[in-house]
Amino acid sequence: MESTVPFLSPVSQSPENHFSFYHNFELFYMENIAQNNSFDQTQTLESAFSGLNVSGYPDLPDSGYQFGGGFAKAGQDRNNNVIGEGTKVGPDVESWGAFMYSSYQLGSSRNTEFSILPSSNQTRLLSAAASATGCTMPFGLNNNINRSSFKTSKLCNNNQTRPHWLHEPLNCLSLRDLRGRFVALAKDQYGCKFLQKSVEKASKEEIDMVFMEIIDHVCELMSNSFANFVVQKVVDVCSEEQKNQILLMVIKNRFRLVEICLNLHGARAVQKLLGKLTTQQQISLFMSALSPGAVALSKDLNGHRVIQYCLKNFSDEDNKYFLNVVANNCYQIAIDKCGCCALKHCLDHSNGEARAHLFQEIIANALNLAEDQYGNYVVQHLLELKETQTTESLLRQLQGNYASLSCNRYGSNVVERCLLESEEPLTTRIIVELLRSPIVSTLLLDPFGNYVIQSALSVSKGFVFDALLNLVQDHYPIMRSHSYGKWVLAWFSRRKQLHM
């Protein structure tokens, strides 16, 4: 029975059993190569293999190799080794099986190639095989493709993970020749590139053929590092009906949709799909499926990208339900490193009832958020919007806590922002509360409170500024000997308003 081992795969028995192509090309080989062959034409295949041209492995101790022993390396080493007459060539073993066994013992050597053909005839024989099948060989004399040379450190791994047919050249095959193998091909590093190019110029029948094979696996393929590009290319060229089928398959399981969006490659494929949605029904279906996962998406960098796309490209009505879910969970989202950024984008791209709901929930949690390392940025962003009614509501929520917040590492930033972004009547109210606080003198020497005092001095006027000036004068002696107190005094020095 003729062997089905891939062309030039590693050999474990006699060569006749594995090189089925040899008999097909025997006449061609003898006529075209005999004159350049260093072996006599009357030699048998076994005797020809006994003359393998292999370069030395001087670094391998006790390997059983003499001069010229080891495996043939690629490049200059292979070309420069000359076999002298009477020199023993190849591994010092007595049988073919022992030869192949010894060949696998070099698997631990890195960056080493070996070839099972004599280097002088290898490229000619590959050329003969390629010419007979109508393929081209875009490589030079000694640039052996990975079908005939293998990285020994990756030999076992490649054979286990890649189907044997993926080891063969694909440039001479059409989509019809690969029917039934598109899913495996899409997951392969080189196969996905071949599929992308083929789909781009494919006919409608061929696109339908590819689509029918991948549609049931589209969720898996969207999250694959290679296959996601194939899905994106199919989305580009498929019909509207096929696009609907992809959408329905993606949103069929809401948990799976969120899982795809949380994946780096899946998020890109989802954004590509969203860019191709053309009807209101398609957008509504997607947003209704996405909204329950708003919290998980907001707290993830990849999910955040999907949210940004929806906020920027879909209408307020489309995003309304999603924003309501975000508002109901605003505290949980705001105290997350990525979530606080997502919440700020929601504030920037919301309108109407959804925006009002967001403001209401953030203000309700403002005191706790102000003291959080990430939540304080959300509160500050709300103040930066400079909406009078919103600012007044937020300041009322923080009223009575300005002094304690001023001593907090993150809360002091919020108090400063309140002073800098509010109108004069509101800032006056805050400063008066600070002056009436029993810990106001502590603020002058506090590592965070001193910044609040400096901001208060910058925005205050009239009797309020005079009250702050009197406070500093009363505590001048102790402030001079305290590092943080000196920073407050430096503010006066810069303005030359303190005369003592």
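How many salt bridges does the count come to? The count comes to 12 salt bridges, each a side-chain nitrogen of Lys or Arg within 4 Å of a carboxyl oxygen of Asp or Glu.

This is a predicted model, in which local features need pLDDT of at least 70, side-chain atom pairs count only at pLDDT 80 or more, and totals for chains, interfaces and linings use all residues. Residues are numbered from 1 along each chain as its sequence is written, and side-chain values use heavy atoms, with hydrogens and water left out.

Confidence comes next. The protein averages a pLDDT of 76 (the predictor's confidence in each residue, from 0 to 100). At least 70 is the score of 65% of the residues. Over residues 33–46 the pLDDT is below 50. That stretch has 18 contacts beyond near neighbours in sequence, a contact being heavy atoms within 4.5 Å. Residues 135–160 also stay under 50 in pLDDT. For them the model has 54 contacts beyond four places in sequence.

The UniProt record, an unreviewed entry, places the feature "repeat: Pumilio" at residues 177–212, 213–248, 289–324, 361–396 and 397–433. Such annotations may be inferred rather than shown by experiment. Residues 177–212 are 72% helix and 0% strand, with end C-alpha atoms 16 Å apart. Helices are DSSP runs of H or I, at least four residues, and strands are runs of E, at least two, numbered from the N terminus. Residues 213–248 are 75% helix and 0% strand, and their end C-alpha atoms lie 16 Å apart.

One salt bridge joins K187 and E220, at 2.3 Å from N to O. K187 sits in the loop between α8 (182–186) and α9, while E220 belongs to helix α11 (residues 218–222). The two are 33 residues apart, so distant parts of the chain are linked.

Now the helix pairs. Helix α9 (residues 189–200) and helix α12 (residues 227–237) have axes that come within 9 Å and cross at roughly 5 degrees. Axes are lines fitted to C-alpha atoms, for helices over the stretch in contact, and angles run from 0 to 180 degrees between N-to-C directions. The two helices are therefore roughly parallel (under 35 degrees). Among the residues in contact are L195 of α9 and F229 of α12.

Helix α14 (residues 254–262) packs against helix α15 (residues 264–275) at about 105 degrees, with axes 5 Å apart. That makes α14 roughly perpendicular (65 to 115 degrees) to α15. I260, C261 and L262 in α14 meet L264, G266, A267 and V270 in α15.

Technical notes. Angles under 35 degrees count as roughly parallel, over 145 as roughly antiparallel, 65 to 115 as roughly perpendicular and the rest as oblique.
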